Amino acid sequence: MFVYVPQAKNKIMRLVLASCCAPCSAGAIKQLADGEIADVDDFIVLFYNPNIFPNEEYMKRMNEQIRYCESLGVKYAIGDWNHDAWRDAVRGLESEPERGARCDACFAYRFAYAREFALKNGYDAVASVFGVSKHKDQSQVDAAAQRTLGEIKYIPVRWDENLRQSIGRASNFYRQNYCGCEFSFRKTPAAQKEIVLVAK
Ligand code: SF4
């Protein structure tokens with residue numbers, strides 16, 4: 001049996017948007033700020049990405065995230081850069097390809113933090129932009145969220161890609177050329193050498 005339950009009118013949903021960087025989240029944040037996502041009345045951008053390496057790169061992405069949120073007057077929260085703990089969470093999966101088991105663990109690690117953040121701060125739901133890049137598998141992100149968020153609702157929004165790209169063209173964002181962790185560096189000889197060093 002299929003039962004359709006319409007959303008109650010005037011329902012207030014407080015949403016945490018888990019974000020990896022400004023270029024990926026630009027459209028989503030604008031849509032949320034403009035009230036385009038049904039039932040969401042309040043939201044905060046959560047930048048919790050201890051997967052990003054090295055710290056200089058993390059700081060660049062974090063500062064761009066802050067700059068964009070502040071330009072729109074949007075609330076944000078910044079988690080700790082506990083990269084050693086993140087490394088423990090993906091130990092044994094270092095040689096997995098992007099979209100493989102290491103990424104499963106990485107998404108789950110960050111969603112677990114989003115869940116704790118939501119519970120502590122009175123938010124009902126989590127959405128993310130972890131899957132918007134063309135290098136990502138949105139279904140993998142959705143599955144990690146559904147496994148991890150427990151009593152916190154997951155909202156699998158498909159964000160407006162045209163909007164994201166047009167804001168990106170107009171915003172002169174800092175743009176990275178790899179996902180974030182040391183294992184996702186593009187495979188140049190120099191990067192390979194650095195991977196070997198940091199993986200020890
Ligand atoms: S490639 Fe990206 S999603 Fe996968 S483990 Fe590294 S930082 Fe996380």
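Biologist: Which residue in β4 does A18 stand opposite?
Modeller: In this predicted model, A18 stands opposite S128 of β4. L17 faces A127 in that strand.

Biologist: What makes β1 and β4 a pair?
Modeller: Pairing needs at least two bridges. Strand β1 (residues 13-19) and strand β4 (residues 125-128) are joined by four bridges, in the parallel sense. The pair therefore meets the criterion.

Biologist: How do you know that β4 and β5 pair?
Modeller: They share two bridges, again parallel. The cut-off is at least two, so they qualify. One of the partners is known by name: V126 is bridged to Y154 in β5.

Biologist: What is the strand order of the open sheet?
Modeller: The order is β3-β2-β1-β4-β5, five strands with parallel pairing. In general, strands of a sheet pair through backbone hydrogen bonds.

Biologist: Why are β3 and β5 called edge strands?
Modeller: β3 (76-78) and β5 (153-154) each pair on one side only.

Biologist: Which strands does α1 lie across?
Modeller: Helix α1 lies across β1 and β2 (40-47). Its angle to β1 is about 165 degrees. Angles over 145 count as roughly antiparallel, so α1 is roughly antiparallel to β1.

Biologist: And which strands does helix α4 lie across?
Modeller: Helix α4 (residues 101-121) lies across β1, β2, β3 and β4. It runs at about 150 degrees to β1. That value is over 145, so α4 also counts as roughly antiparallel to β1.

Biologist: At what angle do the axes of α1 and α6 cross?
Modeller: At roughly 115 degrees, for helix α1 (residues 22-33) and helix α6 (residues 161-171), with the axes coming within 8 Å. The range 65 to 115 counts as roughly perpendicular, so α1 is roughly perpendicular to α6. The crossing is right-handed.

Biologist: Which residues of α1 and α6 meet?
Modeller: From α1, P23, A26, G27, K30 and Q31; from α6, L163, R164, I167, G168 and S171. By class, this contact has four nonpolar, four polar and two charged residues.

Biologist: Which residues are around the ligand?
Modeller: N51, E98, R102, C103, C106, C179, G180, C181, F183 and S184.

Biologist: How many residues of each class are in the shell around the ligand?
Modeller: Five are nonpolar, three polar and two charged. Cys and Phe count as nonpolar, so C103, C106, C179, C181 and F183 belong to that class. Glu and Arg count as charged, which places E98 and R102 there. Gly is classed as polar, so G180 is polar too.

Conventions
Residues numbered from 1 in each chain as written. Predicted model: local features only at pLDDT ≥ 70, side-chain atom pairs only at ≥ 80, totals over all residues. Near = placed C-beta within 6 Å. Axes fitted to C-alpha atoms, helices over the stretch in contact; angles between N-to-C directions. Parallel < 35°, antiparallel > 145°, perpendicular 65-115°, else oblique. Left-handed = near helix turned anticlockwise from the far one by under 90°. Contact = placed C-beta atoms within 7 Å.
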